[in-house]
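Got a minute to go through this one together? I'd like to hear the reasoning behind the labels, and not just the labels.

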Amino acid sequence: MTTTFEAVAEIISETSDIPLEEITPEKNAFTDLGIDSLDFLDIAFAIDKHFGIKIPLEQWTEELNENNALVDEYFVLSKLCTRIDDVIAAKDA
Amino acid sequence: MLLEYFQMIDNVEELDPDNGTILARAEVPMESPVFEGHFPGSPLVPGVLLIETMAQASGFMLLSRLKFEKMPFLANVTGAKMRTFVEPGAVLQVKAELEHDGSGFAKTRAEISSDGRKICDSNLTFRIMPFPNETLRGNMLDRFSQISRFPAE
């Protein structure tokens, strides 16, 4: 069974044409992998479809803007995957 | 259609915001300043304006779905295919359906046909954002009421 990270890494690799081996858990999707916000919409779409969820991008963006939170807290891949797992768990609860 | 004013949709004939579908009608005018350049002596509706037409149909469906509380802005066009020429006087059926309702974005699949022939189709992505001002929201509501018998909010 693939882990959330493995699935997300494959999605990023296919969507953004980034070699899979360059996509590691400590990488920030934006600052390390060079993904822009438009590309991330395609990634969010693929994540939503793959996991049957709706990742709350709007809410995360608001939290980033309002709380001056660090982008790393949301878009470092290990933390992104934890957040995705949280959304999956909330859906299944 | 008033091509030079980007008023592409003439009438919303069917709208189901809950299921994310719309069918609209657009009549290509016989004359337009656009045809003076595209092309001199052989007027054709530019492909970019056909994409705009599909985007506007998608946009009105999304606006209705969002109850005009937020605005969809076209962000990405993929797989657009222009299958045949569109000349002055053509009557177009514009269909769009919601492919994915994301958080802060939406994807639609749209197509235009005329006389039963598919003219073009495309996948479109929209960013869903707050209206930049009340003037735009008011203008979108006005335009929707002009072309649609369906409730806006």
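What follows is a chat between a colleague and the modeller.

Colleague: Before anything else, what are we looking at, and how confident is the predictor in chain A?

Modeller: It's a predicted model. Chain A averages a pLDDT of 92, and 98% of the residues score at least 70. Within chain A, the lowest confidence is in α3(A), with a mean of 86, and the highest is in α1(A), at 96.

Colleague: Let's take the helices then. What makes α1(A) oblique to α2(A)?

Modeller: Helix α1 of chain A, residues 4-16, packs against α2(A) at about 135 degrees, with the axes 10 Å apart. Roughly perpendicular stops at 115 and roughly antiparallel needs over 145, so α1(A) counts as oblique to α2(A). The crossing of the two is right-handed.

Colleague: Which residues make that contact between α1(A) and α2(A)?

Modeller: From α1(A) you get A:A7, A:V8, A:I11, A:I12, A:T15 and A:S16, and they meet A:D39, A:D42, A:I43, A:A46, A:I47 and A:H50 of α2(A). Sorted by class, the contact of α1(A) with α2(A) has 7 nonpolar, 3 polar and 2 charged residues.

Colleague: And why are α1(A) and α5(A) called roughly perpendicular?

Modeller: Helix α5 of chain A spans residues 77-92, and α1(A) packs on α5(A) at about 115 degrees, axes 9 Å apart. The perpendicular class runs from 65 to 115, and therefore α1(A) and α5(A) go down as roughly perpendicular. α1(A) passes α5(A) in a right-handed crossing. On the α1(A) side the contact uses A:T4, A:F5 and A:V8, while α5(A) brings A:L77, A:S78, A:L80, A:C81, A:I84 and A:D85. That contact of α1(A) with α5(A) has 6 nonpolar, 2 polar and 1 charged residues.

Colleague: What is it about A:D17 that gets it flagged?

Modeller: Phi of A:D17 is near 55 degrees, a positive value, and the residue isn't a glycine. Most residues other than glycine have a negative phi. You'll find A:D17 in the loop between α1 and α2 of chain A.

Colleague: Over to chain B. What makes β1(B) and β3(B) the edges of the sheet?

Modeller: Start with the order: 6 strands run β1-β2-β4-β5-β6-β3 in chain B, as an open sheet with antiparallel pairing. β1 (11-16) and β3 (71-82) of chain B have a single partner strand each, so one side of each is left without a neighbour in the sheet. Ignoring direction, neighbouring strands are turned by 20 degrees against each other on average.

Colleague: How do you know that β1(B) and β2(B) really count as paired?

Modeller: Pairing needs at least two bridges, and β1(B) and β2(B) have 5, in the antiparallel sense. As an example, B:E14 stands opposite B:L23 in β2(B). In the hairpin of those strands, with 4 residues between them, B:G20 takes a positive phi near 70 degrees.

Colleague: What about the other pairs, and how many bridges join β4(B) to β5(B)?

Modeller: β4(B) and β5(B) are joined by 8 bridges and run antiparallel, with B:D101 opposite B:A106 in β5(B). They form a hairpin with 3 residues between them, where B:G104 in the turn has a positive phi of about 85 degrees. β2(B) and β4(B) pair antiparallel over 7 bridges, and B:E27 has B:V91 of β4(B) as its bridge partner. For β5(B), residues 105-114, and β6(B), residues 117-129, the tally is 10 bridges, antiparallel again. There, B:R109 stands opposite B:N123 in β6(B).

Colleague: Which helix packs on the sheet?

Modeller: Helix α2 of chain B, residues 47-65, which touches β1, β2, β3, β4, β5 and β6 of chain B. The direction of α2(B) makes about 55 degrees with that of β6(B).

Colleague: What makes the bond between B:H38 and B:F39 a cis one?

Modeller: The giveaway is omega, about -5 degrees. Most peptide bonds are trans. B:F39 sits in the loop between α1 and α2 of chain B.

Colleague: Last one: how many residues does each chain put into the contact between A and B?

Modeller: Chain A gives 11 residues and chain B gives 9. On the chain A side, α2 (37-51) and α3 (57-67) each supply at least two residues, and α2(A) has the largest share, with 5. By class, that side of chain A has 7 nonpolar, 1 polar and 3 charged residues.

Notes:
Residues are numbered from 1 along each chain as its sequence is written. Chains are lettered from A and ligands numbered from 1 in the order in which they are written. This is a predicted model: local features need pLDDT of at least 70, side-chain atom pairs count only at pLDDT 80 or more; totals for chains, interfaces and linings use all residues. Two residues are in contact if their C-beta atoms, placed from the backbone, lie within 7 Å. Ala, Val, Leu, Ile, Met, Phe, Trp, Tyr, Cys and Pro count as nonpolar, Asp, Glu, Lys and Arg as charged, and the others, Gly among them, as polar. Axes are lines fitted to C-alpha atoms, for helices over the stretch in contact, and angles run from 0 to 180 degrees between N-to-C directions. Angles under 35 degrees count as roughly parallel, over 145 as roughly antiparallel, 65 to 115 as roughly perpendicular and the rest as oblique. A crossing is left-handed if the near helix is turned anticlockwise from the far one by less than a right angle, and right-handed if clockwise. pLDDT is the predictor's confidence in each residue, from 0 to 100.
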